Amino acid sequence: MKLGKWHEELDRFIDIKTSFVLEGNIYDLHAYPTRMLGDEIRWDMIMLDNYLYKYLLEKGYQTIVFYNHIDGFYNEYSRDMLNDFIQMCGFKKLDENTKTFTLKFTQAGDFIRTALQNREKSVAVVMMMASRYSLSADNLQECERDFYTKLMMASIKKTQVKSGEKFLNNLVFLVSDRANDIPVWYYIDNPMVKTLTISEPDKSARRMFIDSQLSYFIGSGNYNENEIERYKHEFVDLTDGFKNLELNALRLFCKNEDFPLSKIKDAINMYKYGVRENPWNDIPREKFEHAEEYIRERVKGQDAAVIQTLDIIKRAASNMSGLQHSGGGKPKGILFFAGPTGVGKTELAKTVASLLFGDDSNCIRFDMSEYQQSQSDQKLLGAPPGYVGYEEGGQLTNAVKERPFSIILFDEIEKAHPSIFDKFLQILEDGRMTDGKGETVYFSESIIIFTSNLGTYEMGEDGRKVRNISADMPYEEMSEKLITSIKNYFTLQLGRPEILNRIGENFVVFDYIRDDVATQIMQSQLKKVTAKLREEKNIDIEIGEKAFAMLKGKAFGNLENGGRGIGNVVEKYFINPLARTIFDDGISIGCKMTVNDISDDGKTVTLDYTKA
């Protein structure tokens with residue numbers, strides 16, 4: 001374990017600067033080194049105010065006080081230091097029952113300035129919750145501007161006080177969520193100010209945590225060294241992005257819920273998602289034995305796409321996704337479905353959800369044509385705090401919080417506003433996203449699927465769209481053209497090649513609907529229509545060869561629109577005239593009829609039928 005970068009920077013600049021702005025992970029626990037007997041070091045997990053108090057005390061500071069705009073000045077670790085500060089500013093000691101020195105915000109700047117300019121005792125003032133001192137750092141009220149001006153005047157005029165054998169600068173710390181919550185003129189051009197960013201715990205910090213708290217996780221279990229090391233590694237990977245406070249909460253959670261070290265993954269899933277059992281672990285192997293047949297019942301003529309998709313699904317179900325990467329929080333799988341419209345891309349995503357989780361509703365679909373505006377990322381992920389509707393969260397984040405074990409489908413991704421791709425990068429890389437309410441949403445148990453019609457058409461020299469692929473091309477040629485067009489789009493047109501890196505080689509190209517497949521789709525759709533009529537109205541319908549040939553001819557002339565085109569043909573030339581016939585001719589319950597032929601005179605489609 002080593003000190004954080006911000007701590008090392010503080011060591012480096014404490015003798016040079018007089019003011020420090022601390023931003024970032026300020027509300028977390030932080031590991032502070034305490035030297036024991038000999039050279040042994042104990043790392044204590046403490047809050048930032050306690051951390052700064054111990055640090056400044058070890059540096060030799062004689063008077064350390066804290067301030068916030070609600071309580072005023074205080075020091076819960078040393079009442080004597082608080083009294084020293086008050087007397088330094090010309091006031092009497094506090095009585096025994098008073099723990100804080102409260103005064104108006106307008107006066108606090110005078111007190112701090114007086115204390116920082118004293119030469120009797122070394123002073124450090126730590127201003128907590130500095131982000132809350134003003135409504136807007138860009139539009140300060142007069143009293144707020146005066147307050148920061150006094151701090152700036154005190155920081156520019158360096159005052160050193162002898163403490164033991166060395167001289168110390170009197171210091172002021174502003175602890176803020178973000179540096180820009182403080183007026184920029186205070187720290188940008190002030191040579192005596194240093195901004196320090198406190199990062200979230202890295203891999204070594206999380207490793208240190210589990211090393212120090214191992215007994216809480218092992219319990220009464222009997223593990224050998226190799227098992228312990230393996231579970232530690234899993235713990236570190238799966239808690240990527242966790243703060244120390246969350247790690248500590250996880251420790252208590254494991255203890256209260258009686259999760260042994262061997263079940264650390266289940267414990268983390270329950271902590272993240274609120275479920276004890278992971279649905280991925282409950283998928284029986286038998287489901288995959290007939291998975292191809294199951295999918296082909298719903299998705300016709302896409303054998304290559306089905307096999308490639310199943311490989312990735314099996315990898316996810318085997319918990320082998322992302323083994324080549326260092327982090328453990330990435331989504332279970334990432335797929336990019338490419339190809340012409342109406343060939344089964346969306347249907348395959350829904351079918352996979354049904355296969356894995358038993359229901360199409362576990363495919364959470366987002367039509368990206370609805371997210372074309374510049375503020376669409378807020379609609380998807382939630383507005384920032386302070387903006388209208390931020391308390392409602394985002395459509396994506398809310399859906400994933402409700403159903404974390406799911407297929408997430410982003411339909412026609414090329415229609416989304418480019419700003420959304422920044423969010424996708426984080427989801428694909430880290431498997432998590434913080435919504436507008438500040439809550440972390442995890443995507444590590446989801447499969448992300450993008451669909452796109454990119455590459456079907458390209459822009460010609462005259463600015464018009466021209467067809468890039470056609471149904472008479474071999475599948476291999478069509479596949480190569482589509483993938484090349486997609487990569488050119490992300491690299492050249494969008495300027496986001498990093499998206500391609502996250503997708504990797506997981507492009508799945510769908511073929512055109514060929515004649516034989518069109519026949520199967522037609523038969524399947526007609527079967528659904530007749531079965532529904534039989535079930536709901538007890539009307540038994542057969543379709544004669546002549547009628548079927550007419551429908552087939554119409555469908556074959558509309559294959560450019562894929563399965564949707566065939567569906568449109570069935571609706572126009574069969575369902576609509578059939579509904580008219582049943583209504584007008586009084587076809588009653590229990591009737592049996594055969595549709596012999598279908599005619600179209602350009603105005604009306606008519607069924608020629610006989611009753612049995």
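This passage describes aromatic pairs, charges over rings, internal cavities and the surroundings of one serine in a predicted model.

A search of the whole structure finds 32 aromatic pairs. A pair of aromatic rings is described by the distance of the centres and the angle of the planes. F336 and F490 form one of these pairs. Their centres lie 6.2 Å apart, and 85 degrees separate the planes. The geometry is edge-to-face. F336 belongs to strand 12 (residues 333-338), whereas F490 belongs to helix 19 (residues 475-493). The pair therefore ties together parts that are 154 residues apart in sequence. F336 and F490 are both buried.

A second example involves F366 and F410. Here the ring centres are 5.8 Å apart and the planes meet at 25 degrees, so the pair is stacked; the limit for stacking is under 30 degrees. F366 is placed in strand 13 (residues 363-367) and F410 in strand 14 (residues 407-411). This contact therefore joins parts that are 44 residues apart in sequence. F366 is buried. F410 is buried as well.

Aromatic residues also assemble into a cluster. Its members are Y67, F73, F85, F91, F101, F105, F111, Y133, F147, Y148 and Y186.

Charged side chains were examined next. K194 lies over the face of F13, with 4.6 Å to the ring centre. R230 places its charged end over the ring of Y231. The distance to the centre of the Y231 ring is 5.0 Å.

Attention then turned to internal space. The count comes to 2 cavities of 30 Å³ or more. The largest cavity holds about 40 Å³ of space. Its lining consists of L238, D240, K272, G329, D430, G431, R432, Y442 and S444.

S446 was considered in its local setting. This residue sits in the loop between strand 16 (440-442) and strand 17 (447-452). Its relative accessibility is 0%, so S446 counts as buried; the cut-off for buried is under 20%. The S446 side chain reaches the backbone oxygen of P404 at 3.0 Å. P404 also appears among the contacts of S446 beyond its neighbours within four places in sequence. The other residues in that set are P331, K332, G333, S406 and I408.

Technical notes
Residues are numbered from 1 along each chain as its sequence is written. This is a predicted model: local features need pLDDT of at least 70, side-chain atom pairs count only at pLDDT 80 or more; totals for chains, interfaces and linings use all residues. Side-chain values use heavy atoms; hydrogens and water are left out. Helices (H or I, at least four residues) and strands (E, at least two) are DSSP runs, numbered from the N terminus. Buried means under 20% relative accessible area, exposed over 50%, partly exposed in between (1.4 Å probe, protein chains only). A polar contact is a pair of N or O atoms within 3.5 Å; within protein, one must be able to donate a hydrogen and the other to accept it, and residues adjacent in sequence count only if both atoms are side-chain atoms. Contact means heavy atoms within 4.5 Å. Rings of Phe, Tyr and Trp (its six-membered ring) pair if their centres lie within 6.5 Å; planes under 30 degrees apart count as stacked, over 60 as edge-to-face and the rest as tilted. A charge sits over a ring if NZ of Lys or CZ of Arg is within 6 Å of the ring centre and within 35 degrees of the ring normal. On a 1 Å grid over the protein atoms alone, a cavity is a set of points where a 1.4 Å probe fits but cannot get out, and a pocket is an open set with protein on both sides within 12 Å along at least five of seven lines; lining residues have an atom within 4 Å of a point. Grid points are joined across faces, edges and corners, and a volume is the space filled by probe spheres set on the points.
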